[in-house]
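Reader: I would like to go through the terms used to describe this model, and to see how each one follows from a value. Could you show the structure before we begin?

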Amino acid sequence: MKKEIENLLNDQVRYEANASMHYLAMASWADVKGYNGVSEFFYANSEEERVHMIKLVKFINERGGNALIPALTAPKKDFHSLNELFEEFLSSEIFVTQKINEIIFECLSHKDYNTHNFMQWYVSEQLEEEAQARTMLDKLNIIGNDKTGHYMFDRDIMTFVKAAEQDV
Ligand code: FEO
């Protein structure tokens with residue numbers, strides 16, 4: 001594997017690790033605030049990002065590179081609202097998508113079709129995660145500051161998380 005691609009993949013390991021920590025902090029905040037559904041949603045997403053990270057680590061090593069395990073950076077821990085959580089979720093996913101697109105661009109310019117093929121899984125994941133973040137943010141924007149609305153939103157997310165767990 002070309003060094004340029006290896007470096008980009010190692011950067012991606014770090015982005016996925018950061019996303020995992022960011023979502024873990026969100027899960028913990030929601031847990032303390034009593035939003036059990038939102039909390040379970042972000043615990044699950046934190047775990048998913050960790051899976052994304054490990055998949056990259058294994059791929060880099062299998063292709064003869066050296067995966068670099070990044071140091072943990074403390075994520076932001078205080079949030080003001082559910083809207084803020086989901087806005088950050090969406091912007092984090094948009095950032096990750098941009099980075100994945102950059103890797104894909106480099107794969108094509110270096111004719112690394114193997115890594116290009118591997119990265120297609122991430123493209124589909126990103127589509128799904130961005131769409132999910134946008135849908136949830138749209139719902140929250142409709143709800144506004146209504147506490148009953150937040151209660152129902154949290155309950156619906158719990159139902160969504162439980163259904164997703166059964167699909168696995
Ligand atoms: Fe693995 Fe959603 O970024």
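Reader: What makes alanine 71 count as buried or exposed?

Author: The structure is a predicted model, in which local features need pLDDT of at least 70 and side-chain atom pairs count only at pLDDT 80 or more, whereas totals for chains, interfaces and linings use all residues. Residues are numbered from 1 along each chain as its sequence is written, and side-chain values use heavy atoms, with hydrogens and water left out. Buried means under 20% relative accessible area, exposed over 50%, and partly exposed in between, with a 1.4 Å probe and protein chains only. Alanine 71 has 68% relative accessibility and therefore counts as exposed. Alanine 71 lies in the loop between α2 and α3, helices here being DSSP runs of H or I with at least four residues, and strands runs of E with at least two, numbered from the N terminus. The C-alpha atoms of alanine 71 and alanine 17 are separated by 9.2 Å, although the two residues are 54 apart along the chain.

Reader: Why is glutamate 6 called buried or exposed?

Author: Glutamate 6 has a relative accessible area of 7%, so it is buried. Glutamate 6 is found in helix α1 and, leaving aside its neighbours within four places in sequence, is in contact (heavy atoms within 4.5 Å) with Met1, Ile60, Gly65 and Asn66.

Reader: Why are α1 and α2 described as roughly parallel or antiparallel to each other?

Author: Axes are lines fitted to C-alpha atoms, for helices over the stretch in contact, and angles run from 0 to 180 degrees between N-to-C directions. Angles under 35 degrees count as roughly parallel, over 145 as roughly antiparallel, 65 to 115 as roughly perpendicular and the rest as oblique. Helix α1 (residues 3-33) and helix α2 (residues 36-62) pack at an angle of about 165°, with their axes 8 Å apart, and α1 and α2 are therefore roughly antiparallel to each other. The contact of α1 with α2 has 17 nonpolar, nine polar and five charged residues, where Ala, Val, Leu, Ile, Met, Phe, Trp, Tyr, Cys and Pro count as nonpolar, Asp, Glu, Lys and Arg as charged, and the others, Gly among them, as polar.

Reader: How do you know the orientation of α3 to α4, and of α2 to α4?

Author: The axes of α3 and α4 come within 9 Å and cross at roughly 160°, which makes α3 roughly antiparallel to α4. This contact of α3 with α4 divides into 19 nonpolar, eight polar and five charged residues. For α2 and α4, the axes come within 12 Å and cross at roughly 170°, so α2 and α4 are also roughly antiparallel to each other. Among the residues making the contact are Phe41 and Asn45 of α2 and Phe118 and Trp121 of α4.

Reader: What makes lysine 111 stand out, and is it buried or exposed?

Author: Phi of lysine 111 is near 55°, a positive value in a residue other than glycine. Most residues other than glycine have a negative phi. Lysine 111 is found in the loop between α3 (82-109) and α4 (113-143), and its 60% relative accessibility means that lysine 111 counts as exposed.

Reader: What is meant by a nonpolar core, and which residues touch the most other members of the largest one?

Author: A nonpolar core is a set of buried Ala, Val, Leu, Ile, Met, Phe, Trp, Tyr and Cys residues joined through side-chain atoms within 4.5 Å. In the largest nonpolar core, of 22 residues, Val38, Phe41, Phe42, Leu85, Phe86, Phe153 and Ile157 touch the most other members. The helices α1, α2, α3, α4 and α5 (147-167) each supply at least two residues of this core.
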